[in-house]
Amino acid sequence: MPNRLPGLIASLRSRNAAADWQRAAEAGEMADIGTLAKLAPLARDLARHAAEVARMSEMRLAGTSAGRRADWPPQCDWAWRPDPWATALSPSTRAGVQGGDALTQGVTLFHDCPLAEITLRQVRASSPGASAPYALEMDALGFAGSFLSLAMDMPKAGATTLQRSHIVGLSTTIWMERQAEIFARLNIRQGPNTEQLVSELKPGERPDSPVTAEFDLGFHDIKSAKLDHAWIDLIFDKPQMNLVRIADLTLTRRPRADI
């Protein structure tokens, strides 16, 4: 693939390719329904692939796709930093976030508050020693619901290869304007059943205090052949009138010691 990249880049930058799509956009309003039906899927596929190239390029150039290997725990064989901390979101600020609104593909805020006085904001990392290029802030004003959680789908490569011999580690940096309980929950779906592993997170008093949790799969009924999905939830208790800043978040996986 590296030897083919110069030619690929040249073809993507060619005037003909850009001109073709520009003409298609200009003629779109006048085109017949049959032509549009054929053109729309091509445009969606192109947009999806272009967005993925831009996302991966930004992450690789920043060196933050999954953190530096030197920072991984011993024997770690997989690591992942979700998009809100790895790549720029558009828009970077969302006000009045409804339950079920997605920040980006695979990252969703869930809550049952009818007021929806919640703002999510992605900001550039301000600390010189920050591991992630971005931080995520959540500002909740009035909150009359019973739950609020940020759900992050694990990439399939990591989720469907989990085994009872693994320990999944979560490392994050959280600061809260007003101390409240936060829980991390690892959900592993295998067929009709879902295993749930919960750990309480205790943010430090300093904004750069690391917070960690570990999920030992050896004590749970994990059937690798049936795994089809896994995700991590951050669950916030009593979020009203509170500002939460999550400066980084990564998941890692390593083998557990034989007992």
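Glu200 counts as partly exposed, at 35% relative accessibility (buried is under 20% relative accessible area, exposed over 50%, and partly exposed in between, with a 1.4 Å probe and protein chains only). The model described here is predicted, with local features needing pLDDT of at least 70 and side-chain atom pairs counting only at pLDDT 80 or more, while totals for chains, interfaces and linings use all residues. Residues are numbered from 1 along each chain as its sequence is written, and side-chain values use heavy atoms, with hydrogens and water left out.

Glu200 belongs to strand β10, which covers residues 193-201; helices (H or I, at least four residues) and strands (E, at least two) are DSSP runs numbered from the N terminus. Beyond its neighbours within four places in sequence, Glu200 touches Glu181, Ile182 and Phe183, where contact means heavy atoms within 4.5 Å. One of these partners, Ile182, is 18 residues away in sequence, and the two C-alpha atoms are 6.1 Å apart.

Turning to the whole protein, the secondary structure comprises 5 helices and 13 strands. Of the 259 residues, 38% are buried. Contacts between residues at least 6 apart in sequence join residues at least 24 apart in 72% of cases. The exposed surface is about 15,100 Å², and carbon and sulfur atoms supply 54% of it; these areas come from the Shrake-Rupley method with a 1.4 Å probe, and for residues only the protein chains shown count as cover.

A word on confidence is helpful here. The average pLDDT is 82, and 77% of the residues score at least 70; pLDDT is the predictor's confidence in each residue, from 0 to 100. Over residues 60-66 pLDDT stays under 50, and the model has 12 contacts beyond four places in sequence for this stretch. Where pLDDT is low, the predicted coordinates should not be read in detail.

Strand β12 also holds a residue to look at, Ile232. This residue is buried, with a relative accessible area of 0%. Its contacts, leaving aside neighbours within four places in sequence, are Leu150, Ala151, Met152, Leu170, Arg185, Leu186, Asn187, Phe215 and Leu251. Val107 lies 125 residues from Ile232 along the chain, with 9.7 Å between their C-alpha atoms.

Next come some points of backbone geometry. Most residues other than glycine have a negative phi, and most peptide bonds are trans. The bond from Ser90 to Pro91 is cis, with omega near 0 degrees, and Pro91 is found in the loop between α4 (83-86) and β2 (93-95). Ala116 has a positive phi, near 55 degrees, and is placed in the loop between β4 (107-111) and β5 (118-124). Lys238 likewise has a positive phi, near 50 degrees, in the loop between β12 (227-236) and β13 (242-255). Ala116 is buried at 4% relative accessible area, whereas Lys238 is exposed at 55% relative accessibility.

Finally, Arg256 is found in the segment after β13. The charged end of Arg256 sits over the ring of Phe219, 5.2 Å from its centre; the rule asks for NZ of Lys or CZ of Arg within 6 Å of the ring centre and within 35 degrees of the ring normal. The side chains of Arg256 and Asp216 are joined by a polar contact of 2.6 Å (a pair of N or O atoms within 3.5 Å; within protein, one must be able to donate a hydrogen and the other to accept it, and residues adjacent in sequence count only if both atoms are side-chain atoms). Beyond four places in sequence, the contacts of Arg256 include Arg164, Ser165, His166 and Ile167.
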